[in-house]
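Visitor: Could you take one part of this model and walk me through it closely? I would also like to see how that part compares with other places in the chain, and how the whole is put together.

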Amino acid sequence: MLTRWDNLVAGVVILYVVACPFTKVEESFNVQALHDIIFHRFDIAKYDHVEFPGVVPRTFLGPVFLSLLSAPFVALSRLLALPKISLLYIVRIVLGLLVVVSLATFRRAAERYFNTRLCVYYVLITISQFHFLFYASRPLPNTFALVVVLNCLASWLDGRRRKFILLSALAGLVFRSELILLLAPVAVVDLAVQRHGFQRRLITYVKYALIAVPLWIGLSVLIDSFLWQRWLWAEGEVLYYNTVLNKSKNWGVMPFMWYFYSALPRSLSIAIPLMAVGTWAGGYRMLGVIAPAFIFVCLYSFLPHKELRFIIYALPVFNVAAALGLKHLWNLQSFRLLSRLACIACITAGMTASAGFLYVSHHNYPGGVALQRLHSLNPEGHVYLHICNAAAQTGVSRFGQDNSTWRYSKKEKLPPGEALLQFTHIIVEARDAGVYATTHTRLASVSGFSTMAWRTAPRGVKLEDKLLILQRNTPILDKRKI
């Protein structure tokens, strides 16, 4: 059961969904899959992945599960005749609440493990950090895995090894194979921490691993092969692409220490100094909890392509140490006033930074805004719309295609200019405005985050035109083209 403090976390997640409802290219497969499962069900020929399969296949298990959980709210939305975009809010909020419930489960397990109350301190630290709760509602493979991992870690702290093994296999074999780098160290710590019963614990691991591996791979192959229309183990192909072929580096390469000097400082924020205090206060018991998360980040640093979302599972673990550190400082008897002022300053600074991140993120989805803007303009006649790649990667999804009489195209590799004259309306990058100066009329422009500049207001954030909504000046005479 969630406490009122957990409800505060849920409120922050919902706030982030409302402020930033659209999704980016990393989430496109799961977003489109959710849409297609809700609207097309077993008519696979209409699914988005048939036309845009992506570089590697992803599993449908997360979208299928989430669409089932969201079904009652989706039915209510249709009954109330709400706009189609409301369904995107619904599935994202349901996913975010799943993470909140799982986070509360993990936090309670940590309280039992350390035999201390951490709820208030843990929640304050969590809501003062932007990135974890921002990602909590985003339909990424990492977020689906996060739900499983949080329950998996809770089982570990509670000593429920059978559940830990089953959930570990689900997380690694279905959603994110790299989680072996986190869950294997956890298993090693679990096996090594007690002197007695090692053989019995090892037998339990082997026995339930032999059950879990064929169970989850079999389920994944069964569902994904049906929806992809070919035999495959989705996460196995992802593992082969990223690890064996090492193709992930095609999406960017970061230095080995990037997670430590960039990703973790941004995401943990004020928790970093509090972690040091909490680790000292928690002693060897705390070291045993945070060590697997630290090892995971170190091992993952060897992979050349790095993103914050890849290590997001470590943040709740580090926050246990930070929460214990915050509690220790708050209850410190010597220098009590000074220590409490320091605690308040830390949380305030974190929340202020989160507000800044939220403002930037709100302006980081011009594609979704542009599509909604065009619908609000409600142009006359038939609309045959082309959506450029930049718009498709910054917020456009099938949930935003709210007019059943319009035709939408995301056809790729069309050069600017004459190739787009087959469409009545186009969403293009602002830098291409000159190409259409004589052939199109500008209906609207959409701005987005550009850079940080201290002379702008709000201080530090500079916006610029990112996308243009254009309408062809002359009608398309050949109706077959529309």
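Guide: Happy to. Helices and strands here are DSSP runs numbered from the N terminus, with H or I over at least four residues for a helix and E over at least two for a strand. The model is predicted, so local features need pLDDT of at least 70 and side-chain atom pairs count only at pLDDT 80 or more, while totals for chains, interfaces and linings use all residues. Residues are numbered from 1 along each chain as its sequence is written, and side-chain values use heavy atoms, with hydrogens and water left out.

The part I would choose is the loop between α11 and α12 (234-244), where Gln 229 has its place. Gln 229 is not a glycine, yet its phi is positive, about 65 degrees. For context, most residues other than glycine have a negative phi. Gln 229 is exposed because its relative accessible area is 56% (exposed means over 50%, buried under 20% and partly exposed in between, with a 1.4 Å probe and protein chains only).

Now step back into the helix that leads here. Ser 225 belongs to α11, which covers residues 198-228. With a relative accessible area of 8%, Ser 225 is buried, whereas Gln 229 is exposed. Leaving aside residues up to four places away in sequence, Ser 225 touches Ser 220, Arg 230, Trp 231 and Leu 232 (a contact means heavy atoms within 4.5 Å).

On the other side of the loop, α12 has the buried residues Ala 234, Glu 235, Gly 236, Val 238 and Tyr 241. These buried residues pack against α9 (161-175) and against α11. Just after α12 there is another positive phi, about 55 degrees, at Asn 246.

Similar backbone values turn up elsewhere. Ser 269, also not a glycine, has a positive phi of about 55 degrees. Ser 269 sits in the loop between α13 (258-268) and α14 (271-300), and its relative accessibility of 23% makes it count as partly exposed. Asn 115, which follows α5, has a positive phi near 55 degrees too.

That brings us to α5 itself, residues 86-114. Its 29 residues, at 1.5 Å a residue, should span 42 Å, and the end C-alpha atoms are indeed 42 Å apart, so the two values agree (the expected span is 1.5 Å times one less than the number of residues). Ile 85 lies in the loop between α4 (61-79) and α5. Ile 85 is buried, at 12% relative accessible area. Its C-alpha is 5.2 Å from that of Phe 399, although 314 residues separate the two in sequence. Phe 399 is among the residues that Ile 85 touches, along with Phe 22, Gln 372 and Gly 400, not counting residues up to four places away in sequence.

Helix α16 passes the span check as well: for its 27 residues, 336-362, the expected 39 Å agrees with the 39 Å between its end C-alpha atoms. Its buried residues are Ser 339, Cys 343, Ile 347, Gly 350, Ser 354, Leu 358, Val 360 and Ser 361. They pack against four helices and a strand, namely α1 (4-19), α6 (119-127), α7 (130-135), α15 (315-330) and β4 (440-451).

For a strand residue, look at Asp 465 in β5, residues 462-472. Asp 465 is partly exposed, with a relative accessible area of 40%. Its C-alpha and that of Val 446 are 5.6 Å apart, with their positions 19 residues apart along the chain. Beyond four places in sequence, Asp 465 touches Ala 430, Ser 445, Val 446 and Ser 447.

Finally, the whole. The protein comes to 18 helices and 5 strands, and buried residues make up 51% of its 482 residues. Its radius of gyration is 24 Å, which agrees with the value near 23 Å for a compact globule of 482 residues (taken over C-alpha atoms; the rule is 2.2 Å times the number of residues to the power 0.38). Along the principal axes, the C-alpha trace spans about 80 × 55 × 45 Å. Of the contacts with a separation of 6 or more, 77% join residues 24 or more positions apart.
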